[in-house]
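Subject: A structure for you to look at

Hello,

I am passing a structure on to you, along with some notes to help you find your way around. Please open it first and then read on.

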Amino acid sequence: MVKVRMAAPVLQQNDEVAKENRGIFRDKGLFVLNLMSSPGSGKTSILERTIERLAGRLKLGVIEGDIYTTRDAERIEKFGIPVVQINTAGSCHLDARMVGPALEDFDLDALDILIVENVGNLVCPAEFDLGEDARAAVLSITEGNDKPVKYPLVFRESEVVLINKIDLLPYTDCDIDLLEGDLKKINPELELFRVSVRLDQGFEPWIDWLEKQVNLKK
Ligand SMILES: Nc1nc2c(ncn2[C@@H]2O[C@H](COP(=O)(O)OP(=O)(O)O)[C@@H](O)[C@H]2O)c(=O)[nH]1
Ligand SMILES: [Mg+2]
Ligand SMILES: [Zn+2]
């Protein structure tokens, strides 16, 4: 009789490694943020504005999750901060086992905050704990008012939603108050920030929130 050993469910294995990652972040007093959204909402653009604002205030490192390319990492590298690319080779989300080895490429003692840009995807990234302290979702107003209701998990699992591209409000049918109401119904604890990368608007409350989280972690 052949002995069959069932593999531990993927999410269970992931949770074990996420716990190890979380232990490392705790020991280093490092605040780690998982940044998620569908492709094109503005994750990398928001990161660029965030890096500019944190310069001289907090030491930031970035992990870029991408299915094949290094394009986002190249955009971040220009700012002269530590950035590590994870290519998922086809996988549509990051998991804790991809993040663990990437940490060896950083001098974690030299960082205050690590932001992980997840693969552009509004569905499964939210299912995989990376060991992070907090999650932020980006939702751009051009995606349609129904997205929070259709994809609730990512918003339920997040502490923050950055509602981006508000410069485009006059050109869309987006009802931003309704959108925020739906988000609050899904997760009453959510911090909501309306921003526009294009107009460089609305970033101060977001930066204040980040600084507060970093101080709490220390
Ligand atoms: N109009 C407008 N376009 C934006 C804004 N933020 C980002 N974009 C554009 O949206 C596209 C996708 O942005 P990117 O940061 O690459 O999104 P990501 O795929 O979520 O990382 C780019 O062409 C950006 O220039 C914004 O606030 N307003
Ligand atoms: Mg990006
Ligand atoms: Zn996936």
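Let me start with a question: which side chain meets that of E204 in a salt bridge? The partner is R53, with N and O 3.4 Å apart. Before going further, please keep in mind that this is a predicted model.

**Salt bridges**

The E204–R53 pair connects distant parts of the chain, as E204 belongs to helix α8 (residues 204–217) and R53 to helix α2 (residues 43–54), 151 residues apart. The two partners differ in how far they are covered: R53 counts as buried at 18% relative accessibility, because the cut-off for buried is under 20%. E204, at 40%, counts as partly exposed.

Helix α2 takes part in another such link. Here the side chain of E48 meets that of R75 in a salt bridge, at 3.1 Å from N to O. This pair, too, joins distant parts of the chain: E48 sits in helix α2 and R75 in helix α3, 27 residues apart. E48 is buried, at 13% relative accessibility, whereas R75 is partly exposed, with a relative accessible area of 29%.

A further one is found between R194 and D177, whose closest N and O atoms are 2.9 Å apart. R194 is part of strand β7 (residues 191–194) and D177 is part of helix α7 (residues 176–186), so this salt bridge ties together parts that lie 17 residues apart in sequence. R194 is partly exposed, with a relative accessible area of 34%, while D177 is exposed, at 54%.

Salt bridges with shared partners also bring E48, D72 and R75 together in one network. If you would like the overall count, a search of the whole structure gives 16 salt bridges. As background, side chains of opposite charge can pair when their charged atoms come close.

**Strand β2 and its neighbours**

The other place to look is strand β2, which covers residues 60–66. Is this strand mostly covered or mostly open? It is mostly covered, with seven of its seven residues buried. That holds for both faces: L60, V62, E64 and D66 are buried on one side, and G61, I63 and G65 are buried on the other.

β2 has strands β3 and β4 as partners. With β4 (residues 113–117) it runs parallel, joined by five bridges. With β3 (residues 83–87) the pairing is also parallel, again over five bridges. I63 is a handy residue to follow here: V116 stands opposite I63 in β4, and V84 is the bridge partner of I63 in β3.

Between β2 and β3 you can trace helix α3 (residues 71–77), and these elements make a right-handed β-α-β unit. This is the helix that holds R75, the partner of E48.

Finally, have a look at the side chains along β3. In a regular strand the side chains alternate between the two faces of the sheet. In β3, V84 and I86 point to one face and are buried, while V83, Q85 and N87 point to the other and are not buried.

Enjoy exploring the structure!

Best wishes

Methods
Residues numbered from 1 in each chain as written. Chains lettered and ligands numbered in written order. Predicted model: local features only at pLDDT ≥ 70, side-chain atom pairs only at ≥ 80, totals over all residues. Heavy atoms only, no water. Buried < 20%, exposed > 50% of the residue type's maximum accessible area, 1.4 Å probe, protein only. Helix = DSSP H or I, 4+ residues; strand = E, 2+ residues; numbered from the N terminus. Pairing = 2+ DSSP bridges. Right-handed = clockwise from strand over helix to strand, strands pointing away. Salt bridge = Lys/Arg side-chain N within 4 Å of Asp/Glu carboxyl O.
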